[in-house]
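Here's a quick tour of one model, with an eye on salt bridges and a sheet. Have the structure open while you read.

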Amino acid sequence: MSAQQLVLRQRAELVRTLCCGGTSEPLESVLDLLLSWGAFVWEDYLNVCGPGKTLCSRTRELLDLTYSKGDSACSSLLTAFSHVLPDAQKNNLNLGAFCAVQNAQETPLCATLTLLSDRRVLVAKLRNCVTEALDVLVQKGLLTSPECEEIQLPVYTASQQARRLLDLVKFKGEGVATVLLQFLQKIQITALPHATNEKCIIPASVTDYQKKLCSSISAQSHFLSTYSGTGKFSLDDIYTEGLLELGQTCSNTLVSLSLEDVVGAVGTLNVEADTVLVSGEAGSGKSTFLQRLHQLWARKTVLQNYLLLFPFSCRKLNTEHRELSLKELLFLHCCWPDGDQNELFQFLLDHPHMVLFTFDGLDEFKQTFADDQRHCCPTQPAKIPILFFNLLQGSLLKGVRKLVTSRTEAVPFTLRPYLCKEVLLKGFSPDGIDCFVKKHHSDPGVASRVLESLQSNTALLGLCHIPVFCWIVSKCYKELLGSSNTGPQTITDVYLMVLQHFFHHRTSKGKGLGKSWVQEHCRTIMALGKLALQGLEHSHYIFSETEMQNIGITEEDIGKGFLIQNQNILDSKHYEFLHLTIQCFFAALFITLHNDSNDIHTVAKLFQTQCRSTGCLGICQARKCDEPGTETSNFQITSMFVSGLLSQCHHSLLVQCCPIQALHKKCKQVVKCVSKGMHNHFKSIPRPVKDEKKSMHAMPDFVWLVKCIYEMQDSELAKNVMARLEADHLKLTYCNIGPLECTALAFVLQHLKGPVGLQLDSNSVGDVGVEQLLPCLHVCHSLYLRNNNITDEGIAKLVQKGVHCEAFKKIALFNNKLTDGCTQHFSYLLKTKQNFLSLRLGNNNITAAGAEQLAEGLRGSTSLQFLGLWGNKVADAGAEALAHALEDSRTLEWLSLVDNGVGSVGARALARVIQNSTTLKELWLNNNCITRTGVQYLVQALEKNSSVTSIWLRGNSLSKEEVEEFSTRESRLTF
């Protein structure tokens, strides 16, 4: 296939690849190469990079222009893509056989032409020394100060500044170009902005400060800071690693990370940005992860390329109302230097790549990120939000690495262009739960009993993948083990158990909690609830003694253990709730138990989905919709707790503090709000295109409302809501679906009127989540679980249920953790279920042995139409086994063995399938090692088959001449 055809066929993929990182750097690098190789002239470059065009528009302009220039230009374009893109982004592209280094151009006759022919190399050299180059040109009178200021506007990245300088110098003529090239000859090329400084001489004042900083951070990170006050746990003794994965990548594959990888170059999409985002849901362990990173850096066991680390808490930054310079912010909020501050700060300015800033809890910062106020001077005072936001976007201290944590749903869209990558913290794996519980309990017997209890309660086990719930279960193990019923099922159940545990342990010795324990502690609950609610109203998480006294909180209330003293504010006592979710729970208790005529209006406001930025509950002063600070995600957590507390099963407990009539009214209001929210969501489903099924792509509010229904444990509500859903396909990709969400989805979706396709790709379902989905499997005709960390254990349970579900006909499990062990289960499924249509197991770890096991099931299947094994390791032996099993198939239409190490022996076996089949339409064999002999077998088989429309053979062991020969001989072969 020609280069021009490849560009045309992959147009959408090429656009998406260049645009997915939100930065123009890949596009501009491709243009640099095309200029260097002479594929583009200067006018072409200006046409693509015209002012006012979006990144996607410029990319499409590039493809259109290149295509119009013919096959040679397209060949250069594909070669440029190969040079510019990282391997992970090239995996899904076919760049053909054009990706060799371009032939050397003739030596340029003048300096201005050299600026074009060596453009990419010159940009790489200039990006870290633009200021020095400008100084040289100004000193020689070749540039003016306004021209320099125009080039160095903070809106431009370092590479963009370098390109603007090259463009200006080219315009200025031969003399200026010669001076710039002479300057650059003395500069060593630097590939990355975060280069090491092997010859850097570190002043004694910096070394002394580093020692003090390490000592301070080591002391702060010795004990587990999250949930502190509930027991002094050494971080070394209790820390359990969570699952760390790269966020959405162009290759759509899961990439697991180590702690050091989080800050390193792995997975970088935007090389011009310096900010790494670690996101996860509330309670997923973000603060503890950051504390562990601080501790290991202070011990000099990780991140030793960073000489200085400055840790910040966004909660504490909220309390700073003074205008500060960056210098004052660093030393006042982190560690005060004993030596020369000026020398220390100058070192930091001169060596930004040796410095790491961490910001914990961006979602708790009062103001939403904005990039409309520029502040570039590190010594000029400014308000904290302005300093913070300019640090994140790189206007201040460009080159310093910033690591920020936040809840996923609270990350503003405006921040994403300034991220070099996003890392997802997905909580504990099943082994992580086991490890944490054993670390928490020194008595192995107790730990064993807690784990046994979790295994017998899969709903609770699903909750424990979130570390805060795992801590709660471990903390309240006596209440858990002493429960006479099935144990907690919902999040609300778990937090009521926490409430009971703390009140029980703060009750006088010898005096237990009676059935009326909520009534006994009602005053404390309401006081803490009012404080919690007012805090959420104003994005306020740290409270002064005066604020607490005004609400009526006493020392006795503080002694219950739900509030802990903040250790970062030393001038006076300030308190915060044990965890943000504890604050949300107390706010929900206040809303539920507060008996007032406005309470129904309060509940309705809580469930508003359009503008929750208004003064949420009418208890405190209302906010305007455009005023930043109020957090939608906090009120969503609170509303789930309200739903759970108003569940029928809790009425007998709460009626001690609130009249039953009031509880019933609020319960009806919640049902009304949830039903209306779901109905509005369903109304937004677009009409299907002709001949396509009606599909609903769920928005975040949908998952939230589903969880509210589950917290209420109201099957009738779930049934009524699902009766209104008219869709054939539900898409919930990248929705942070974990085991907890799977439990809620199954509770609601099991009431669907008819079967649907359920797509849960790129979430955190895992084996426990698979088990939680089983109650709704009977209403799923298709199940898509790509990128979900599912193992053979989860498949065993899925198949055990699936063989009994008549509607269940398709499954896709691309890029999980499946091995040959899963194939015995799928073999059983294929033999048992004679209406099963599609099995896709791409990019797992299935070998020839697994293919042979799967072949046994294929022989007995009379219905399978689609079989996908892309990216496994079946090799020739596996291909032969599969081919023998499929030789007599009268249903198979599509087969993929892409990237499986299949050679000509396997191709010969597959040729027999082609020869015998009357239904096969497509056979995918790209990226294997098939030689001319193997292709010959396939061509001979095609001569006897008219049903096959295409066989894909890109990336095999064929010469260019052989590709041209076979393309001419058989048009159904695609190379």
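Which kind of contact do the side chains of Asp64 and Arg11 meet in? They form a salt bridge, with N and O 2.7 Å apart. Keep in mind that this is a predicted model. Asp64 sits in helix α5 (residues 55–69) and Arg11 in helix α2 (residues 11–19), so the pair ties together parts that are 53 residues apart in sequence. As for exposure, Asp64 is partly exposed at 41% relative accessible area, and Arg11 is partly exposed too, at 28%.

That pair has company: the count comes to 29 salt bridges. Here are three of them, side by side.

| Acidic residue | Basic residue | N to O distance |
|---|---|---|
| Asp64 | Arg11 | 2.7 Å |
| Asp32 | Arg119 | 2.7 Å |
| Glu965 | Arg932 | 2.8 Å |

Are Asp32 and Arg119 buried or exposed? Asp32 counts as buried, at 1% relative accessibility, and Arg119 is buried with a relative accessible area of 1%. Buried here means under 20%. Asp32 belongs to helix α3 (residues 25–36) and Arg119 to helix α9 (residues 119–126), so the salt bridge links parts of the chain 87 residues apart. Both residues also turn up in a salt-bridge network, whose members are Glu28, Asp32, Arg58, Arg119, Arg163 and Asp167.

Further along the chain, Glu965 and Arg932 make their own salt bridge. Glu965 is in helix α47 (residues 960–969) and Arg932 in helix α46 (residues 932–942), so this pair joins parts 33 residues apart in sequence. Glu965 is partly exposed at 32% relative accessible area, and Arg932 is partly exposed, also with a value of 32%.

Now for the sheet. It's an open one, built from 6 strands in the order β1-β6-β2-β5-β4-β3, with mixed pairing. Why is one side of β1 (244–246) and of β3 (308–313) left without a neighbour in the sheet? Both stand at the edges, each with a single partner strand, so there's no neighbour on the other side. From one strand to the next, the twist averages 20 degrees.

Within the sheet, β2 (residues 275–279) runs parallel to β5 (residues 401–406), and the two pair over 5 bridges. Val276 stands opposite Leu403 of β5.

Two helices are worth a look here. Helix α19 (residues 326–333) packs on the sheet, touching β3 and β4 (355–360), and its direction makes about 85 degrees with that of β3. Helix α21 (residues 384–393) lies across β2, β4 and β5, running at about 125 degrees to β4.

Note on methods. Residues numbered from 1 in each chain as written. Predicted model: local features only at pLDDT ≥ 70, side-chain atom pairs only at ≥ 80, totals over all residues. Heavy atoms only, no water. Pairing = 2+ DSSP bridges. Helix = DSSP H or I, 4+ residues; strand = E, 2+ residues; numbered from the N terminus. Axes fitted to C-alpha atoms, helices over the stretch in contact; angles between N-to-C directions. Contact = heavy atoms within 4.5 Å. Salt bridge = Lys/Arg side-chain N within 4 Å of Asp/Glu carboxyl O. Buried < 20%, exposed > 50% of the residue type's maximum accessible area, 1.4 Å probe, protein only.
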